[in-house]
Amino acid sequence: KRLQIDYLLTPSELSTELTDGGDVVEGLTQTVKSLPPRYFYDDFGSQLFEKICDLSEYYLTRTETLILRKYASEIARLTGACEIVELGSGSSTKTRILLDAYQQLGYPLHYSPIDVSAGILESSARELLADYSSLVVHGLVSTYEQALANLKPSPLPRRMICFIGSTLGNLTPQECDRFFAQITDALKIGEYFLLGIDLQKPTEILEAAYNDRQGVTAAFNLNMLAHLNRRFQGNFDLTQFEHLSFFNSEKSRIEMHLRSLTDQVVQLRSLNLTIKLAAGETIFTEISRKFNLSEMQQYLSTKGLAPLQVWTDPQQWYGLILCQR
Ligand code: AVI
């Protein structure tokens, strides 16, 4: 059997996990209002994100893909045959570059995609199986935390956990610390971790990537309110908010906010929540941290992950780091 998908989240757990809304109440009742970035990704939001990845201003996806194309066979040679576990696999587009490299070296292909979205996980697993005749897929519909705590023994002597796409940048430093404790717990000594991160660069380039001319990022940001309206019987008026995104150089991160254009009162009925917003007040929706490659290597070492090799593009806009536990 070449396909197995385990649901660590049953459909009802999945819906509680993603709909219970305690985190929305928590974020909107603080003095500085915020919303958890995971509410970006309803079906429409996921489509908008795919569009963002193709924007000329959004260099991240393109650059990471170039680095992977150039160095995937080197990665495969360094790790030898191993099970590839991918956190937040989505459509698994970039994973194909890795699979091609392992296949070319004649290694057995074992892939474990992990994603909270069952639909995208199943459809991309089927497409991969059709294209790679020797591939075995063992998917997990699950959050990262649950998956990392519940990984089955690897079918191959070694395993590599991949966390690409610069998603690490969306975690706060505290969330990062917790995340890496889980990663090292999930790896045996000698196993691998592949990380893709966005790097520091001139502010204009960063700000353009999060303020594209077509307004796709603005639509992505505003869509979170439409998602909350649907999910929690809310009445956010999307015309009364604007997208705001800028580079905070002190914290080396892009910040995305939704700025209220007027004094307004908003309700989310199923959460029993009424909030007031003043004109100009913002709701913080996302951080996207931009890292320094050598600081990240030091940080990873302190977490028990020794950097083996680092790759970047000619402009040093994006970094890929292979670590060994
Ligand atoms: C998913 N993540 C890596 C994206 C980023 O660049 O931080 C999310 C995003 N937000 C706005 N544009 C893209």
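**A walk through the model, from helix 4 to the ligand**

Let us begin at Thr 63, which sits in helix 4, residues 59-79. Helices here are DSSP runs of H or I with at least four residues, strands are runs of E with at least two, and both are numbered from the N terminus. Before going on, please keep in mind that this is a predicted model, in which local features need pLDDT of at least 70, side-chain atom pairs count only at pLDDT 80 or more, and totals for chains, interfaces and linings use all residues. Residues are numbered from 1 along each chain as its sequence is written, and side-chain values use heavy atoms, with hydrogens and water left out.

Back to Thr 63: is this residue buried or exposed? Thr 63 is buried, because its relative accessible area is 8%; the cut-offs are under 20% for buried, over 50% for exposed and partly exposed in between, with a 1.4 Å probe and protein chains only. Setting aside neighbours within four places in sequence, Thr 63 is in contact with Asp 313 and Tyr 318, where contact means heavy atoms within 4.5 Å.

Tyr 318 leads us to strand 13 (318-324), and the loop between strand 12 (306-312) and strand 13 holds Gln 316. Gln 316 is not a glycine, yet its phi is positive, at about 55 degrees. Asn 272, also not a glycine, has a positive phi of about 55 degrees. Asn 272 belongs to the loop between strand 9 and strand 10 (273-277), and with a relative accessible area of 75% it is exposed.

Strand 9 covers residues 264-268 and includes Gln 264. Gln 264 counts as buried because its relative accessibility is 11%. Which residues does Gln 264 touch, not counting those up to four places away in sequence? They are Gln 240, Phe 241, Ile 275, Lys 276 and Leu 277. The side chain of Gln 264 also makes a polar contact of 2.8 Å with the side chain of Ser 260. A polar contact is a pair of N or O atoms within 3.5 Å; within protein, one must be able to donate a hydrogen and the other to accept it, and residues adjacent in sequence count only if both atoms are side-chain atoms.

Now for helix 10, where Met 224 is placed. Met 224 counts as buried, because its relative accessibility is 0%. Beyond four places in sequence, Met 224 is in contact with Leu 35, Pro 36, Pro 37, Tyr 39, Phe 40 and Thr 285.

Helix 10 (216-232) also brings us to the ligand: this helix, helix 3 (43-53) and strand 11 (282-289) each supply at least two residues of the surrounding shell. The ligand is surrounded by 13 residues, and the closest are Tyr 58, Asn 170, Tyr 210, Glu 286 and Ser 288; a residue is near when one of its heavy atoms lies within 4 Å. Polar side-chain atoms of Tyr 58 and Tyr 210 each come 2.5 Å from an oxygen atom of the ligand. For Ser 288, the distance from a side-chain N or O atom to a ligand oxygen is 2.6 Å. On its own the ligand has 340 Å² of accessible area, and the protein covers 97% of this, by the Shrake-Rupley method with a 1.4 Å probe.

Finally, a wider view. An unreviewed UniProt entry lists residues 23-324 as "domain: Histidine-specific methyltransferase SAM-dependent"; such annotations may be inferred rather than shown by experiment. The span 23-324 is 38% helix and 25% strand, and its end C-alpha atoms lie 35 Å apart.
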